[in-house]
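Reader: I have a model open in front of me and would like some help reading it. Could you walk me through a few features, one at a time?

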Amino acid sequence: MADKKLRFETRQIHSGYHIDQTGSRGVAIYPTAAYHFRDCDHAARLFELSEGGNIYTRLQNPTSSAYEERIAALYDAAGALAVSSGMSAILLTITSLAEKGQNIVTSPFLYGGTYNQFKISLRKLGIECRIAQHDSIEAMEALIDENTRAVYVESMGNPTCDVPDLERVAEMAHRHDVPFVVDNTFGAGGYLCNPFEWGADIVLESATKWINGHGTAMGGVIIDGGRYDWGNGKFPQIDGPSEGYHGLNLYKAFGPAAFVVKCRVDGLRDLGCCPSSFDSYLMLIGLETLSLRVDHEVRSAWRLAEYCRNHPKVRRVSFVGFEDHAGHVNAKKYFRHGSSSVFTIELEGTLDTTIKFVESLKLFAHMTMIGDSISVVTHPASTTHKQLSDEDKIAAGVTPTLLRISMGLENVEDLIDDFEQAFAAIDR
Ligand SMILES: Cc1ncc(COP(=O)(O)O)c(C=O)c1O
C-alpha cells in the first residue's frame, strides 16, 4: 500500500521501515563511516551520482535514509535530508539557495539562534538577511528585490507563537518567483501543521524538539516539497552546470527532489553537518509516538493556560488557542489538533519575581527546550534571546517577565500543583 494512502499515525510507524534479511523489528543502526565498493566502476558511478548508493556517512547512512524516508512520507514530500541540528538545517538551506551578494527576506518572529545566524554568520558569508519590521505581507514584500532568493518564516514564531499567514506569504513569494521556506519546528513533524499544504516550497525543522521528543539527541531535517520551478534562471547552482560534479545539472538529473539532493551532495559533503546513525535511530523511535505525545501535550497546554489565565499573579497569557492571541485566526487555519503545546506567560512583578518563580519550580525543568517529554520553563530574556539588543528583544516580543512554557507528558494536575507552590514561594 502506498504510504500516501496511509494516515499520519500509521506512516509515523511504518514509513521508512523495510524488513531486512534478519527480520529485525527495529531499524538497524549502522555505526559505520564508509562502505565497500564492488569495484572501481561502481565507485566511479557513485561519485559522479549516476548511481545511487552509500559512499561515506557524511553523505548518507542506511539508518538515516530510513529516517529521511519516514520524514518525507509524513510531509507527503519529494524528499528529505537529515542533518546534525536545526541550526545546520537552516544553514544548509540558506547557503544552498543564496550566495554572496544575494539576500533572503524574513519575518522578525524568529528563534534567537536563527536571528543570530541570519544577522551575524550569514552576513559574514556575504548573504544578507533582510528582517522585516513585522510579519505582514507588505512589510516583507517591500524588502524583496532581484537578488532575493528566499522568503523565510517560522510556521509558529519562537517564543511569541505568532503565526504568519502562510498561504498569503506563499503567494507573495511566488509572485516574485522566489521559493518560500518555512521553519516548521512548531508544526511537529507535520502533525500539527504541514506548510506544503499552504504553498511552502521547502520546510525545515529542528528534529531535536518534537520529532525526537525525549531530549536525547540533536537533529535537523530539510524537506523538499518538489514543486518549485528551479528552472526560472535564479538558481544556476541547481539548474545549471554543477561545479562540484563536472557540470551535472541537478535539476535535470533529480527532478522534484533536486533541492535536497543539492543540500546533500554539496552542502553535507562540504560543510559536514551529518547526523550519526544512532541519533537517526533515536529520531525514528521518537517518530513512532509523535502524534500521541503531541495530543497529550496540547491537551495539557490548554489546561495549564486556562489555569494561568485566571491567576492573579499572571499579567498575560499568550496562547494561540485563545481568541485574544494575535496568531489565533491563522493558527486555527494552519494548525490542527489544538494548535500548540507551547505558550508564554508574563508574570506580574519584576525580573526578580520571575527568577524566584522559575527557581521555585520543582517538576518543570529550567532549560531551553521545547517538545520534550519533560515539561520545561524557559526565561527567553536571559537565555534564548539574551544576545539580542534591547530594541531587538522588544521587536521579538521578549520582556523581562516573559516565560515560555513547553508542556511534557506528566499528569497535568501535578504540573498545576507545581505552578501553585511556585507562585506561593514568590511571596516568601
Ligand atoms: C524554531 C526553531 N528553529 C530552529 C532551532 C534550532 O534547532 P537546534 O537547536 O536543533 O539546532 C530551534 C531551537 O530551539 C527552534 O526553536
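Author: Gladly! Keep in mind that this is a predicted model. Let's begin with a pair of helices: α3 passes α10 in a left-handed crossing.

Reader: At what angle do the axes of α3 and α10 cross?

Author: The axis of α3 (residues 62-75) crosses that of α10 (residues 277-288) at roughly 35 degrees, and the two axes come within 8 Å. On the α3 side, the contact is made by Thr-63, Ser-64, Ala-66, Tyr-67 and Arg-70. Facing them from α10 are Ser-277, Ser-280, Tyr-281, Met-283, Leu-284 and Leu-287. By class, the residues of this contact are six nonpolar, four polar and one charged.

Reader: Thanks! Now the ligand: which residues come nearest to it?

Author: There are 14 residues around the ligand, and Ser-85, Gly-86, Tyr-111, Ser-206 and Thr-208 come nearest. Two elements give two or more residues to this shell, α4 (86-97) and α5 (112-124). As for its make-up, the shell has nine polar, three nonpolar and two charged residues.

Reader: One last residue. Why is Ala-395 classed as partly exposed?

Author: The idea is to count neighbours: 20 or more other C-beta atoms within 10 Å would make a residue buried, and 12 or fewer would make it exposed. Ala-395 has 16, so it falls in between and is partly exposed. You will find Ala-395 in helix α14 (residues 390-395).

Reader: How far is the C-alpha atom of Ala-395 from that of Pro-108?

Author: Those two C-alpha atoms are separated by 7.3 Å, although Ala-395 and Pro-108 are 287 residues apart along the chain.

Definitions and conventions
Residues numbered from 1 in each chain as written. Predicted model: local features only at pLDDT ≥ 70, side-chain atom pairs only at ≥ 80, totals over all residues. Near = placed C-beta within 6 Å. Helix = DSSP H or I, 4+ residues; strand = E, 2+ residues; numbered from the N terminus. Nonpolar A, V, L, I, M, F, W, Y, C, P; charged D, E, K, R; others polar. Axes fitted to C-alpha atoms, helices over the stretch in contact; angles between N-to-C directions. Left-handed = near helix turned anticlockwise from the far one by under 90°. Contact = placed C-beta atoms within 7 Å.
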